[in-house]
Amino acid sequence: MNTIPKITSTPWDRPDDVSFLNKEGTVLRVCTPSHGGIGVHKSQQMPTHLANGIDEGGFLWYEEDCHWSLVVLAFPDLFEERVRESAKTTAANWYPDEYMAHFGVTLSIEQSSTLAQRDRDLRLANKFTVSSAFSDTTWNVPKGFVYASGYRKSDGAHQGFLIPKEQYVNPHELVLDDYPRWSPDKSFPYMKAAETTPAAS
C-alpha cells in the first residue's frame, strides 16, 4: 500500500502530473508548468554517492534535463533498456564523479564533457578564453572580424580581442592572448544598418 503523502509541491512548482515508478510510491516522476523531474522518497535508500538531489518535502529531487540520470543508475530495474543506456551517457557527461564512483571505473576527457571542461579550465587558467563573441554586424566591429570578450580564470580579468573571422573556430579551445586587444565603441548602435546594394542603371 502506498503510504507516501500526496505530492503538493516540488522544487519546480506544484505538479500537474505525478506518476509512480515503483509500487511503493517511493520513486516518482512529476511534471509542472515550468519543469519536472524524479523524486526519491527518503525511505527509499539512495546510494550515498548518488544522493545529491534537492532535499525538499521528504524527497530528494532530480531535475529532468540531466540529473534524472542518477536515479536511473540507482534503480535500473525501474526503467527500460533504452532509458538505462541514455542515463549512462548523460551521467558520464554531466556527473562523472558520481558515475565513476558508481561503476568503479575511470573516465577519460573524451568520455565526459564535464571532465573535458575541467581539463580545459586547468590548462587555460592563465590565458584569456572566450566568454562571449560578437560578429561584424555589431557596433563598429570591422568587417571580416569577430569581437571576442575574453575571461582569464586565474585572476578574473576581462579583456576584449579582435579575431579574424576565419580564425574564429572551436571557441572552447581558442586562446585569445596572441590576438590584438580591442573593444568596440558602444556608442554605435548595437546592430549596424543593413547594407543595401545599389540599383542597376
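These are my notebook entries on the strands, cores, helix 3 and cysteines of a predicted model.

**Entry 1: the N-terminal strands**

I began with the pairing of strand 1 and strand 2. Strand 1 covers residues 17–20 and strand 2 covers residues 27–31; the two run antiparallel and are joined by 4 bridges. I looked up Ser19 and found that its bridge partner in strand 2 is Arg29. The hairpin of these two strands has 6 residues between them, and there Gly25 takes a positive phi near 75°.

I then followed strand 2 to its pairing with strand 3, which is also antiparallel and has 5 bridges. Arg29 appears again here, with Ile38 of strand 3 as its bridge partner. Strand 2 and strand 3 form a hairpin too, with 4 residues between them.

**Entry 2: the nonpolar cores**

I next examined the largest nonpolar core, which has 26 residues. Ile38 is among the residues with the most contacts inside this core, as are Met46, Tyr62, Leu70, Val71, Phe75 and Phe79. I listed the elements that give two or more residues to the core: strand 3 (36–41), strand 5 (59–63), helix 1 (68–74), helix 2 (81–94) and helix 3 (96–103). Helix 1 gives the most, with 6 residues.

I took Leu70 for a contact list. Leaving aside residues up to four places away in sequence, Leu70 touches Met46, Leu50, Asn52, Tyr62, Ala91, Tyr95 and Glu98. I also noted a second, separate core of 9 residues, including Val130, Ile163, Leu176 and Tyr179.

**Entry 3: helix 3**

Glu98, a contact of Leu70, led me to helix 3. Glu98 is buried there, and so are Pro96, Tyr99 and Met100. I checked what the buried residues of helix 3 pack against, and found helix 1, helix 2 and helix 4 (113–123). Just after helix 3, I recorded a positive phi of about 65° for Gly104.

**Entry 4: the cysteines**

How many disulfides does the whole structure hold? My search found 0. Why does Cys31 form no bond with Cys66? The sulfur of Cys66 is the closest cysteine sulfur to that of Cys31, but the two are 17 Å apart, too far for a bond; the cut-off for a disulfide is 2.5 Å. From the other side, Cys66 is likewise in no disulfide, its nearest cysteine sulfur being that of Cys31.

I compared the burial of the two cysteines. Cys31 has 34% relative accessibility and counts as partly exposed, whereas Cys66 is buried, with a relative accessible area of 18%.

Methods. Residues numbered from 1 in each chain as written. Predicted model: local features only at pLDDT ≥ 70, side-chain atom pairs only at ≥ 80, totals over all residues. Heavy atoms only, no water. Core = buried A, V, L, I, M, F, W, Y, C linked by side-chain atoms within 4.5 Å. Buried < 20%, exposed > 50% of the residue type's maximum accessible area, 1.4 Å probe, protein only. Contact = heavy atoms within 4.5 Å. Pairing = 2+ DSSP bridges.
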